[in-house]
Each structure stands twice: as structure tokens, then as C-alpha cells.
Amino acid sequence: MAITKDMSILEVVQKYPDTVDVFVNAGMGCLGCAAAHFENIEQGAMAHGIDVDTLIEGLNEAVGSAE
């Protein structure tokens, strides 16, 4: 299953722990904050000024290399 920008940040991190480094390296180090529980990836990326398409690409690469 591919990671999409409408998926919950927390859902992705719980299901794919290898994505934590991608989020942190992109500038989203607040994975434990309250917003991560209800924001989707696109909302989180926008809040941090991160290009969502680049982030999604990196997340999917991490998942592909983990499986």
C-alpha cells in the first residue's frame, strides 16, 4: 500500500516505523505532538513549509526499502 498525503501522520509512523527518519529529516520532528494525532501528512507538511510531494516520495521510498 502506497503512502498518500491524506493519511494520518500517526497512522503512517505506527504502521511503518522506518518512516520516522524521513519525517525528522524533512523537518517534521514533532511526531509525538498532539497535532500528529489528527493531522494528515499534507496538513503537517504545509504547517512546516515542506513540499508534500517530495515528502511522500521519500516516505514511499523508505517503505519500499523496509519491506
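What share of the contacts in the protein chain with a separation of 6 or more comes from residues 24 or more positions apart? Keep that in mind as you read these points on the model, which is a predicted one.

1. Let's begin with the secondary structure. The protein chain has four helices and zero strands. Starting at the N terminus, its elements follow the order α-α-α-α. The chain's radius of gyration is 10 Å, close to the 11 Å that the globule rule gives for 67 residues, so the chain is as compact as a globular protein of that length.

2. For a feel of the dimensions, picture a box along the principal axes: the C-alpha atoms of the protein chain fill roughly 30 × 20 × 20 Å.

3. Now back to the opening question. Among contacts with a separation of 6 or more in the protein chain, 55% are between residues 24 or more positions apart.

4. Next, the inside and the surface. Of the 67 residues in the protein chain, 36% are buried. The area that the chain exposes is about 3900 Å², and 52% of this area is supplied by carbon and sulfur atoms.

5. Finally, here is one residue to find in the structure above: T19. It sits in the loop between α1 (9-15) and α2 (20-26). Is T19 buried or exposed? Its relative accessibility is 0%, and buried means under 20%, so T19 counts as buried. Leaving aside residues up to four places away in sequence, T19 touches I3, V12, V13, L59 and V63. Try picking out these partners one by one, V12 and V13 among them.

Definitions and conventions
Residues numbered from 1 in each chain as written. Predicted model: local features only at pLDDT ≥ 70, side-chain atom pairs only at ≥ 80, totals over all residues. Heavy atoms only, no water. Helix = DSSP H or I, 4+ residues; strand = E, 2+ residues; numbered from the N terminus. Rg over C-alpha atoms; globule rule 2.2 N^0.38 Å. Buried < 20%, exposed > 50% of the residue type's maximum accessible area, 1.4 Å probe, protein only. Contact = heavy atoms within 4.5 Å. Areas by Shrake-Rupley, 256 points an atom, 1.4 Å probe, with all protein chains shown as cover.
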